[in-house]
Every structure is written in structure tokens, then in C-alpha cells.
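Hi there,

Here is the structure I promised to pass on. Have a look at it first, and then read my notes below.

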Amino acid sequence: MTRKKVKLAYITDDSARKATFKKRKKGLMKKVSELSTLCGIDACAILYSPYDSQPEVWPSPLGVQCVVTRFKKMPEMEQSKKMVNQESFLRQRVAKGNEQLKKQRKDNREKEITQVMFQSLTGKGLETLNIVDFFDLGWMIDQNLKEINKRIESLKKEAQSLAVAAAGQLIIKNGGKVPEEKPTFDTMDAIQGQQWFVDFFNPNEQMGFARDDMMLPFGDANQNAIWPNGFFP
């Protein structure tokens, strides 16, 4: 059975407040003892309450005095470096929660725009998007194009390295002589295929924009399209 979440507010009922104090005090002392034992650190606890005439200390008055004396010997800046009160502690928690919320919103937005991008590739219209959505969609497309171009450059370097290694092995097999071989049809097809792939993702470098009088593969100027849908035949 799950425990009920405790509301962090002052308990107005006297008997309930006293019972809660005794229960929490016992748990606090136990936690300080466990922390000191498990981690081998110096720790102490001092509790004042209206229910006892003398403060309750842990582990002992002498132990508390040793820890407090060691603390006072530290420089004043070091003493307050990690010291927090209730207000500063809550401020830290709120700031941390806001950062987590901001990150989660960003992740959700990226997933949403990614879904819109893939849906547009299937022919779904973009009429429902606003100007902010279009800006985000453009940013997402740019990021994907950068990743594609980066991958293409990586594959180019790998292909060049393999070609150099293969040429070196071929020279060694021929006694240091460079063989004069013409590229086969398969090799030419592979080269042309790779160049087409590079040209496709670098239109600004390899291809110009179509003129108004040029015939596009999907139809003519009279709208007599061979393929009525731009994505599927």
C-alpha cells in the first residue's frame, strides 16, 4: 500500500503536532546515525522543542561540541558556501524543476515537428501549421540535411581509403608496376550512381533551377500530369 503524500504545512492540532514531532525526531536521529556510520563522516544533531526543557543532541554533548568547534575553525566564506535555509532550498528545487520542464518541452517539440516532417513526405498537407511551426520545421529539415551531408562526406572518405588500399595491394601483386586497366561497366555504373546520389543532396552546387519552359517529369504546363500525385505514381 502506498503512503499518503504529506502536506508540508504547519499542523494546527496540538496533539497531532506533538505526535508528529516525536515520530519525525526519532527518524531524523536514526538517519544521522546511519549517515555517519555508512559514510564514516562527522555529524551531529541538535533539536530544541517546546516539549522538552533541554535540547536533544546526537551523538552526545561532547560529540556535538567537537563537530561545532571544527565547523567554527573554517573560514567564514567556507562555512556559508553550502549552507541553505528553507527558502533557499525551495528556490533551488523550483529552479531545478523549471530546467527539467524546459528540457521536456523542447524534447516534445522536436518529436512533434519530426512527426510533421515525416507526415509531409507521405503527402499530408501543411495547411494547419502556423508561422512558428514553419520556422521549427525548417530548422528540423536543416538539421537532418546537415546529418545527411556529414554522412555522405564520411562515406566518401571511407571509399577513398578503401580505393587507396586496394590500389596499393594491386601494385604489390604486380611487382611494383601500375596495371593499366580500363574501368568495367560495373565500376562506371557504381561511380555514376554515387555521383547522382551526391548531386541529389547538393542541388545548389551541382544543379540549377528549372526554367519556366522546361518540361518537368511529373507533367506539362497544361497540368496534364503523368503522375497526378507528386509523391506516388
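Helices here are DSSP runs of H or I with at least four residues, and they are numbered from the N terminus. By that count, glutamate 110 sits in helix α4. Please keep in mind throughout that this is a predicted model.

**The overall picture**

The protein chain has seven helices and two strands, and along the sequence they come in the order α-β-β-α-α-α-α-α-α. Of its 233 residues, 10% are buried. The accessible surface comes to about 21,100 Å², with 59% of that area belonging to carbon and sulfur atoms. Among contacts with a separation of 6 or more, 37% are between residues 24 or more positions apart.

**Helix α4 and its partner α5**

Let me start with α4, since several of my notes meet there. Does its length fit what its residue count leads one to expect, or where does it end up? The 36 residues of α4 should span 52 Å at 1.5 Å a residue, and the end C-alpha atoms are 53 Å apart, which agrees. At the start of the helix, a side-chain oxygen of asparagine 85 comes to within 3.2 Å of the backbone nitrogen of glutamate 87. After the helix comes glycine 123, with a positive phi near 105 degrees. The buried residues of α4 are Ile113, Val116, Met117 and Ser120.

Back to glutamate 110: with a relative accessibility of 28%, this residue counts as partly exposed. Leaving aside residues up to four places away in sequence, glutamate 110 touches Trp139 and Met140. The C-alpha atoms of glutamate 110 and methionine 140 are separated by 7.8 Å, although the two residues are 30 apart along the chain.

**Salt bridges**

The structure holds 10 salt bridges. Which residues join up into a network of them? Arg109, Glu112, Asp133 and Asp136 do. Within this network, aspartate 133 bridges to arginine 109, with 2.5 Å between the closest N and O atoms. Aspartate 133 belongs to helix α5 (residues 131–173) and arginine 109 to helix α4 (residues 86–121), so this pair ties together parts that are 24 residues apart in sequence.

Is aspartate 133 buried or exposed? Aspartate 133 has a relative accessibility of 13% and therefore counts as buried, the cut-off for that being under 20%. Arginine 109 is partly exposed, at a relative accessible area of 24%.

Arginine 109 also forms a salt bridge with aspartate 136, where the closest N and O atoms are 2.7 Å apart. This pair again links distant parts of the chain, with arginine 109 in helix α4 and aspartate 136 in helix α5, 27 residues apart. Aspartate 136 counts as partly exposed, its relative accessibility being 24%.

A further salt bridge is found in helix α1, between the side chains of aspartate 14 and arginine 17 (2.7 Å, N to O). Both residues lie in that helix, three residues apart, or about one turn. Aspartate 14 counts as exposed, with 51% relative accessibility.

**The strands and the loops beside them**

How many aromatic pairs does a search of the whole structure find? The search finds one. The pair is made by phenylalanine 21 and tyrosine 51, and it is tilted, with 5.4 Å from centre to centre and 45 degrees between the planes. Phenylalanine 21 lies in helix α1 (residues 14–39) and tyrosine 51 in the loop between β1 and β2, so the pair ties together parts that are 30 residues apart in sequence. Tyrosine 51 is partly exposed, with a relative accessible area of 30%.

Serine 49 has its place in the loop between β1 (45–47) and β2 (56–58). Its relative accessibility is 15%, so serine 49 counts as buried. The side chain of serine 49 also makes a polar contact with the side chain of aspartate 52, at 3.5 Å.

One last spot to look at is the peptide bond between tryptophan 58 and proline 59, which is cis, with omega at about 5 degrees. Proline 59 is in the loop between β2 and α2 (61–72).

Happy to hear your thoughts once you have looked through it.

Best wishes

Note on methods: Residues numbered from 1 in each chain as written. Predicted model: local features only at pLDDT ≥ 70, side-chain atom pairs only at ≥ 80, totals over all residues. Heavy atoms only, no water. Buried < 20%, exposed > 50% of the residue type's maximum accessible area, 1.4 Å probe, protein only. Contact = heavy atoms within 4.5 Å. Areas by Shrake-Rupley, 256 points an atom, 1.4 Å probe, with all protein chains shown as cover. Polar contact = N/O pair within 3.5 Å; in protein donor to acceptor, adjacent residues only side chain to side chain. Phe/Tyr/Trp six-rings, centres within 6.5 Å; stacked < 30°, edge-to-face > 60°. Salt bridge = Lys/Arg side-chain N within 4 Å of Asp/Glu carboxyl O. Expected span 1.5 Å × (residues − 1).
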